[in-house]
Amino acid sequence: MERQALPTIDFATTVGPVPAGKEVKLSVRDLAISFYTDKGRVHAVRGVSFDLYRGETLCIVGESGSGKSVTSRTIMGILAGNGHIDSGSVTYEGEDLTKVSEEEFHRIRGDKIGMIFQDPLSSLNPIMRIGKQITEVMVINGNHLKHKHDEIIKTELVKLKNDERLLSITRDDFIYAKKSLNGAKKHKKTAEEIKTAETELATKKAIYEGKKAELGPKIKEDRKALADKKRVAAVEVKKMADKLKNEHRERLGKVVDAFKHNHKLNLFYKSVVKEHREYISNIRVTQKEAKARALKVMAEVGIPSPEKRFNQYPFEFSGGMRQRIVIAIALTANPDVLICDEPTTALDVTIQAQILELINRLKVAHHMSVIFITHDLGVVANMADRVAVMYAGKIVEFGTAADVFYHPVHPYTWALLSSIPDVDSKERLEAIPGTPPNMIYPPKGDAFALRSKYAIGIDFKEEPPMYKVSDTHYASTWLLDPRAPKTVMPKIVSTRIENSLRKAGLKK
Ligand SMILES: Nc1ncnc2c1ncn2[C@@H]1O[C@H](COP(=O)(O)OP(=O)(O)OP(=O)(O)O)[C@@H](O)[C@H]1O
Ligand SMILES: [Mg+2]
């Protein structure tokens, strides 16, 4: 029987329809990133597209080197210096983050998109107390106001500091001369030596008094000028803060008006209002407020006795606790989108499960959308609403968690599925043969073909298109072409799927 041809999509420009009721938070299109190195140009990401929906967890899974971190770092705007965005866009709330100015980007990054990494130690400052590291992020929100304040008072401050410094130099000389004279007397030096010390003291004293007479009144004036300028700066900064607050209140007012009478939008409206209220209260945070809020998030992420922990250093925390701190820091900015790059890889299994649960809980409580990166499909099963499988800088299969776990179609996904340790036997059943390709010379055609026993002739020549398996499920493999020989997934994968379906009570 003729096999029916599956439709394909142009993966660069579309990732399929957005399901009803879903809202796109962040959208990546045709992203290509390369790195310039001594050995040549590394094609790390080669045309990645996906949408992140509001409130979902999208897992990106793939072996080491497949381009997961590079993709997420590009979204965060923290690509390494030798990296280059060859093509594509990252759209967040209508703005292409690859195009906005650096200043604008920092605002979005700090506020709206948060990221946590594999190694919590590398994102914490080892010599700064935990509490300070958490509050710093909050106070940074008001930092441009602080900069403005400092800029206004700069001239007066510098003048005062200079005059004070000049005076203190002569005073230090005078004090030193006094000490030498006392020393000379104490150690019963010769009369001549004492005499020299006395002359020296008299000279230094005269210089100091002269300077004091000259600079004293000046310093007084400087202080007054600085105090006046500080008052001016305070007014200016308050104006700026009020303006910011008003702008946000106004926006909030519009949202309130627009949604007030619409029941359906009520839920969405509530989250927007909450978000903006929090934003407004964030505009200027005092140290005291910041501490109170830090203690609150520390408790929220499950740090026992936050009051005591607030004053400790990172080394005094266990790995799991450190990761909680990093999550707390990310949360203080109230991000919309949280990117987690292998946040539990460095932790042991029990702690890993706790952190995953924490991320799931916080996602719901804070109305966040999560991009969760891992090489472990076992972790994906506990987290994902949808899954994107990456290989050699491309997404090779994506769909809902059910699509990818119960109806996988790409040989690479089969390989990943057969390599996860079995839940019951804990045995890693089949390692993926071979090694990931050298991305300076990405293979022609289907990059996985070299390692796949299902590869067919065309795999080595031409890149497969993205086939549409269903509205939610897409994969790029020639095996889905009607001309390809009919292939069934490996027995080990189908057996595992059957077992887990049976366990879930979905199959007899
Ligand atoms: N600064 C850099 N310079 C050169 N090559 C780089 C740089 N950063 C990443 N790469 C390369 O880009 C490719 C993708 O790397 P990436 O870190 O995204 O992999 P990954 O999927 O996150 O893997 P892992 O699971 O090991 O974290 C790799 O080939 C890597 O060597
Ligand atoms: Mg990585």
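Where in the chain is the place of P465? The place of P465 is in the loop between α14 (411-419) and β12 (466-468). We will come back to this residue after a look at the whole chain.

## The chain as a whole

Welcome to this structure, which is a predicted model. The chain has 508 residues, and 45% of them count as buried. Its secondary structure comes to 15 helices and 13 strands.

Many contacts here reach across the sequence: of those between residues at least 6 apart, 69% join residues at least 24 apart. On the outside, the chain exposes about 27100 Å², and carbon and sulfur atoms supply 56% of that area.

## Two nonpolar cores

In soluble globular proteins, nonpolar side chains tend to be buried together. Here, the largest nonpolar core has 61 residues, and I325, I327, F372 and V387 have the most contacts inside it. Helix α10 (residues 319-332) provides the largest share of this core, eight residues. There is also a second, separate core, with 33 residues that include A44, I75, I371 and I373.

V387 is a good residue to click on in the largest core. Setting aside neighbours within four places in sequence, V387 is in contact with L58, C59, V61 and V380 on one side of the numbering, and with E397, F398, G399, A401, V404 and F405 as well.

## Around ligand 1

Now for the bound molecule. Ligand 1 is surrounded by 15 residues, and the closest are S64, G65, K68, S69 and V70. By class, this shell has five nonpolar, seven polar and three charged residues.

Oxygen atoms of the ligand come into several pairings with the protein. A backbone N or O atom of V70 lies 2.8 Å from one oxygen atom of ligand 1, and a backbone N or O atom of G67 lies 3.0 Å from an oxygen atom of the ligand. For K68 the side chain takes part, with an N or O atom 2.9 Å from an oxygen atom of ligand 1. The protein covers 68% of the 640 Å² of accessible area that ligand 1 has on its own. Elements giving two or more residues to the shell are β2 (24-37), β3 (40-53) and α1 (68-76).

## Helix α1

Which element gives the most to the shell around ligand 1? That is α1, with three residues. This helix is mostly covered, as seven of its nine residues are buried. The buried ones are K68, V70, T71, S72, T74, I75 and M76. I75 is also one of the residues of the second core. After α1 comes G77, whose phi is positive, near 75°.

## T413 and P465

Is T413 buried or exposed? T413, in helix α14, is buried because its relative accessible area is 0%, under the 20% cut-off. Leaving out neighbours within four places in sequence, T413 is in contact with V389, E397, V404 and P408. Among these, E397 and V404 are also in contact with V387.

Back to P465, in its loop between α14 and β12. With a relative accessible area of 26%, P465 is partly exposed, because that value falls between the cut-offs of 20% and 50%. Not counting residues up to four places away in sequence, P465 touches T8, A475, S476, T477 and W478. The pairing with T8 spans the chain: the two are 457 residues apart in sequence, yet 6.4 Å apart in space, C-alpha to C-alpha.

Terms used:
Residues numbered from 1 in each chain as written. Chains lettered and ligands numbered in written order. Predicted model: local features only at pLDDT ≥ 70, side-chain atom pairs only at ≥ 80, totals over all residues. Heavy atoms only, no water. Core = buried A, V, L, I, M, F, W, Y, C linked by side-chain atoms within 4.5 Å. Buried < 20%, exposed > 50% of the residue type's maximum accessible area, 1.4 Å probe, protein only. Helix = DSSP H or I, 4+ residues; strand = E, 2+ residues; numbered from the N terminus. Contact = heavy atoms within 4.5 Å. Near = heavy atom within 4 Å. Polar contact = N/O pair within 3.5 Å; in protein donor to acceptor, adjacent residues only side chain to side chain. Areas by Shrake-Rupley, 256 points an atom, 1.4 Å probe, with all protein chains shown as cover. Nonpolar A, V, L, I, M, F, W, Y, C, P; charged D, E, K, R; others polar.
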